[in-house]
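Thanks for coming. I have one structure to show today, and I will go through it piece by piece. Please have the display open.

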Amino acid sequence: MTQPTPRTSRKRMTGQERRHQLLDVGRRLFAERGFEGTSIEEIAAQAGVSKPVVYEHFGGKEGLYAVVVDREVERLTTVTMMLFEGPHSKPRFEAAAVSLLRYIEENADGFRILVRDSSAGANGGTYGTLLADIAGQVDNIMADFLKSRGRDPKLAPMYSQMMVGMVAFTGQWWLDARKPKLEQVAANLIDLAWNGLANLDAQA
């Protein structure tokens with residue numbers, strides 16, 4: 001006698017697993033369509049849940065978006081902190097630039113969200129604020145360098161903005177271009193910055 005085939009039931013997600021799933025779905029949709037272009041209905045549909053489930057975990061679209069942005073801010077901050085560890089040499093800065101470009105490559109959705117106006121529903125920590133914070137941490141390094149070249153160290157904030165802006169906008173461009181290889185982009189980026197700084201003339 002043939003035994004009936006046992007029915008298989010889908011494993012029910014835990015609350016934490018469901019939260020992570022909603023964050024992943026929201027991250028992808030926000031990256032593709034932006035905050036305004038993404039609806040709570042679409043997030044729920046793609047996660048295979050009802051709208052109340054999304055509200056239960058995040059209180060709404062704004063809450064979900066805020067958590068997505070905060071997570072990306074934390075990831076980018078962790079990467080950028082590596083820029084200031086170790087000796088301040090050309091190979092070290094080149095390796096740091098590679099790390100930053102690799103973050104962009106591996107977290108393309110998150111980076112696109114940060115580059116957009118991420119003020120909607122976020123608790124601060126937007127992309128512009130992050131870049132300003134990074135530039136502020138470069139100030140002391142840049143001040144010492146300018147002083148060694150006979151330049152006014154008070155100009156360090158301006159040079160820091162120039163350096164960080166160059167890296168940030170190159171990263172945005174490369175995210176779409178994806179060529180040449182990121183190691184080559186990093187090498188040329190640091191070569192331009194390093195040679196430009198090394199050849200600064202002393203000011204009277």
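I will start with the overall make-up, then take two helices, one helix pair, two residues and the salt bridges.

First, a caution: this is a predicted model. The protein chain has nine helices and zero strands. So reading from the N terminus, every element in the run is an α. Of the 204 residues in the protein chain, 38% are buried. Now the contacts in the protein chain with a separation of 6 or more: 68% of these are between residues 24 or more positions apart.

Let us look at helix α4, residues 61-81. Does its length agree with what a helix of that many residues should span? It has 21 residues, and at 1.5 Å a residue they should span 30 Å; the end C-alpha atoms are 30 Å apart, so the two agree.Which residues of α4 are buried? They are K61, L64, Y65, A66, V68, V69, E72, V73, L76, V79 and T80. Many of the gaps in that list are three or four places, and there is a general reason to look for such gaps. An α-helix has 3.6 residues a turn, so residues three or four places apart point the same way. The cover over the buried residues of α4 includes α1 (15-33), α2 (40-47), α3 (51-58), α5 (90-106), α6 (108-115) and α7 (127-148).

Next is helix α8, residues 156-177. Its 22 residues reach 31 Å from the first C-alpha to the last, close to the 32 Å expected at 1.5 Å a residue. The buried residues of α8 are A156, Y159, S160, V164, G165, A168, G171, W174 and L175. What do they pack against? The partners are α5, α6, α7 and α9. Just after α8 comes R178, with a positive phi of about 60°.

Now the pair α5 and α6. Two packed helices are described by the angle between their axes and the distance between the axes. For α5 and α6, the axes come within 5 Å and cross at roughly 100°. The two helices are therefore roughly perpendicular to each other. On the α5 side the contact is made by Y103, I104, E105 and E106, and on the α6 side by A108, F111 and L114. By class, that contact has five nonpolar, no polar and two charged residues.

One residue of that contact deserves its own slide. Y103 is in helix α5. Is Y103 buried or exposed? It counts as buried, because its relative accessibility is 4% and the cut-off for buried is under 20%. Not counting residues up to four places away in sequence, Y103 touches E72, R75, L76, V79, F111 and L114. Among these, E72, L76 and V79 are also on the list of buried residues of α4. Y103 and G171 are 68 residues apart along the chain, and their C-alpha atoms are separated by 9.8 Å.

Between α5 and α6 there is a loop, and N107 lies in it. N107 has 14% relative accessibility, so it counts as buried. Which residues does N107 contact, leaving aside neighbours within four places in sequence? They are R27, E72 and R75. Those three names come up again: R27, E72 and R75 are linked in a network of salt bridges.

That brings me to the salt bridges in general. How many are there in the whole structure? The search finds seven. I will show three pairs.

The first pair is E42 and R33, with the closest N and O atoms 2.1 Å apart. R33 counts as partly exposed, at 39% relative accessibility.

The second pair is K51 and E41, whose side chains meet at 3.2 Å, N to O. K51 lies in helix α3 and E41 in helix α2, so this pair ties together parts that are 10 residues apart in sequence. K51 is partly exposed at 33% relative accessibility, and E41 is partly exposed as well, at 42%.

The third pair is E183 and R102, at 3.0 Å, N to O. This one links distant parts of the chain: E183 is in helix α9 (residues 182-198) and R102 is in helix α5, 81 residues apart. E183 counts as partly exposed with 39% relative accessibility, and R102 with a relative accessible area of 32%.

To close, one item to find on the display: N107, in the loop between α5 and α6, with its contacts R27, E72 and R75. That is the end of my part.

Technical notes: Residues numbered from 1 in each chain as written. Predicted model: local features only at pLDDT ≥ 70, side-chain atom pairs only at ≥ 80, totals over all residues. Heavy atoms only, no water. Buried < 20%, exposed > 50% of the residue type's maximum accessible area, 1.4 Å probe, protein only. Helix = DSSP H or I, 4+ residues; strand = E, 2+ residues; numbered from the N terminus. Contact = heavy atoms within 4.5 Å. Salt bridge = Lys/Arg side-chain N within 4 Å of Asp/Glu carboxyl O. Axes fitted to C-alpha atoms, helices over the stretch in contact; angles between N-to-C directions. Parallel < 35°, antiparallel > 145°, perpendicular 65-115°, else oblique. Nonpolar A, V, L, I, M, F, W, Y, C, P; charged D, E, K, R; others polar. Expected span 1.5 Å × (residues − 1).
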